[in-house]
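This report goes through one protein model part by part, for a reader who has the sequence and the coordinates open.

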Amino acid sequence: MAERFDVIVVGAGMAGNAAAYTLAKGGLKVLQIERGETPGSKNVQGAILYADAIEKIIPDFRDDAPLERHLIEQRVWVMDDASYVGTHYRSEDFNKPPYNRYTIIRVHFDQWFNKKAREAGVLTICETTVTDLLIEGGKVVGVRTDRQGGEVRADAVILADGVNSRLAVKAGFQPEIKPENVALAVKEIHFLPQETIEARFNIGEEEGVAIEMAGKISAGMMGTGFLYTNKESITLGVGCMLSDFKQQKISPYELLDRMKSHPSIAPLIAGSEMKEYAAHLIPEGGYNAIPKVYGDGWMIAGDAGQFVNGIHREGSNLAMTTGMLAAQTLVELRAADKPFTAANLAEYKKKLDDSFVMKDLKKYRRMPEIFHKNKQFFTTYPDLLSRAAQTLIRVDGVDKKTKEKDIKKSFIASRSLFGLIGDAFKFWRAFE
Ligand code: FAD
């Protein structure tokens, strides 16, 4: 391929499509390379779409984007083997347009997003893998693909190739991803008639519910589960740190099976037909795991740069935002007739630092280490919480003062007074 481009974008996921679309709208000549058969065919998400991020790129996305349901209720469950202690937040405010969060099916959404990019002028080539970056004199000048004679040159390359970017590792831009910085998640899509979903979740047409789960659902590992309602299906899954899976002798499939048979979850998917199964990594190392994200002629966006907020289960919006900011940097530099050198691309990092992306990740920078080292948050406390709730709720002739004393005793017996104070401090530090 002798043609030369302003920018090559590797990947047609959330980050890649956001970058490619923004670049083309900014007047740059863009080649986007995707290894999957179609955009989205390789991509996995829960999937909650945060409207704010896509709205900044395509303000009228609601007109034709494939959206499943807008979320009106958020449940958070802390689970033991037989129960959950939870909060449910439901508001009519979430039921008024413009809606803030939607469920989506990634393959449909990615195809729509990529169509928008192509309509804006992007040339997308699928079924093509970028195997190497072309580097001359320390500067990235293009890519090599697995197609015959498949070298393409450009003034800059945006790596939006997802978690565990082999290209960035090969080029020496970032080290190999560590098992303690990445979660392995598995998910299934279960199909049910629309009316059944609406009756089970007490929702109307187009309204949706998200359930986030923590506690013993992760079998003592650092991880969480989720369940989201689509139009005619329910997506549910669970993810835990890869380093924990290596230690515990349990497979992700077993974990998901256990989750599906939990007495609070089984009735929600009863009678459904499971049609899709997927497994994928999620970068969850947080702020301290973010590599260098720019250099001479290259930038990294999305999961490839570890931009995931595991606490709030936000990834796609960080991917879109970082893709957009990378692209905006290049558009501005081109308008100012400045070359894509590392010194000039430092503007991308400045934009990231000023955005919610880095601010949020910085806020939770201690979280991964604290939760790694304190598995009691995933084991002991869910049990204690459940027992406390049951003690208080059960009417059995025992007076309430005695019940309160019993609850206090059970907490101290499990963790000791100093342990409890220490845990409260660690918990606060993780979220501070
Ligand atoms: P990806 O979407 O992974 O896209 C990378 C693309 O690059 C792929 O299409 C891939 O095929 C392509 N590619 C890779 N290497 C090459 C190569 N060498 N050559 C050519 N193409 C290449 N986020 C949310 O916001 N909400 C959620 O509800 C949510 N739930 C999740 C549930 C699960 C189970 C998982 C795994 C993730 C979830 N996330 C969620 C995170 C979210 O999916 C990611 O943060 C997001 O997909 C990252 O987008 P990306 O474009 O960086 O990477």
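Between which strands does the loop that holds Ala47 lie? Ala47 lies in the loop between strand S2 (30-33) and strand S3 (48-50). The model is predicted, and the backbone details below should be read with that in mind.

## Backbone details

The peptide bond that joins Gly46 and Ala47 is cis, with omega about 20 degrees. Gly46 also appears among the residues listed as closest to the ligand.

Another cis peptide bond joins Pro97 and Pro98, where omega is about 0 degrees. Pro98 is in the loop between strand S5 (84-90) and strand S6 (101-103). Ala219 has phi near 50 degrees, which is a positive value in a residue other than glycine. The loop that holds Ala219 lies between strand S12 (207-215) and strand S13 (223-229).

## Domains

The chain is divided into domain 1 (4-67 + 104-175 + 291-354), domain 2 (180-283) and domain 3 (371-431). The centres of domain 2 and domain 3, taken over C-alpha atoms, are 26 Å apart. Their contact takes 7 residues from domain 2 and 6 residues from domain 3. On the domain 2 side, the residues that touch domain 3 are 2 nonpolar, 3 polar and 2 charged.

## The ligand shell

The ligand is surrounded by 40 residues, and the closest are Gly11, Gly13, Gly46, Gly302 and Gly315. Two or more residues of this shell come from each of helix H1 (14-25), strand S11 (182-191), strand S14 (233-241), strand S15 (273-283) and helix H9 (316-335). By class, the shell has 16 nonpolar, 16 polar and 8 charged residues.

Why does the ligand lie between domain 1 and domain 2? Both domains give residues to the shell around the ligand, so the ligand lies between them.

## Packing of H9 and H10

H9, one of the elements that give residues to the ligand shell, also packs on helix H10 (residues 342-354). The angle between H9 and H10 is about 140 degrees, and their axes are 9 Å apart. H9 passes H10 in a right-handed crossing.

From H9, the residues in this contact are Thr322, Leu325, Ala326, Gln328, Thr329 and Leu333. They meet Asn344, Leu345, Glu347, Tyr348, Lys351 and Leu352 in H10. By class, the contact has 6 nonpolar, 4 polar and 2 charged residues.

## Annotated regions

Three annotations from UniProt are considered here, each from an unreviewed entry. UniProt places "domain: MnmG N-terminal" at residues 6-163. Over residues 6-163 the chain is 21% helix and 37% strand, and the end C-alpha atoms are 25 Å apart.

For residues 216-281, UniProt lists "domain: ETF-QO/FixC ubiquinone-binding". This stretch of chain is 29% helix and 38% strand, with its end C-alpha atoms 21 Å apart. The UniProt annotation "domain: FixC-like C-terminal" covers residues 367-431. Over residues 367-431 the chain is 80% helix and 0% strand, and the end C-alpha atoms are 7 Å apart.

Terms used:
Residues are numbered from 1 along each chain as its sequence is written. This is a predicted model: local features need pLDDT of at least 70, side-chain atom pairs count only at pLDDT 80 or more; totals for chains, interfaces and linings use all residues. UniProt positions are given in the numbering used here, feature names are shortened, and annotations may be inferred rather than shown by experiment. Helices (H or I, at least four residues) and strands (E, at least two) are DSSP runs, numbered from the N terminus. A residue is near a molecule or strand if its C-beta atom, placed from the backbone, lies within 6 Å of it. Ala, Val, Leu, Ile, Met, Phe, Trp, Tyr, Cys and Pro count as nonpolar, Asp, Glu, Lys and Arg as charged, and the others, Gly among them, as polar. Domain bounds come from an automatic or database domain assignment. Two residues are in contact if their C-beta atoms, placed from the backbone, lie within 7 Å. Axes are lines fitted to C-alpha atoms, for helices over the stretch in contact, and angles run from 0 to 180 degrees between N-to-C directions. A crossing is left-handed if the near helix is turned anticlockwise from the far one by less than a right angle, and right-handed if clockwise.
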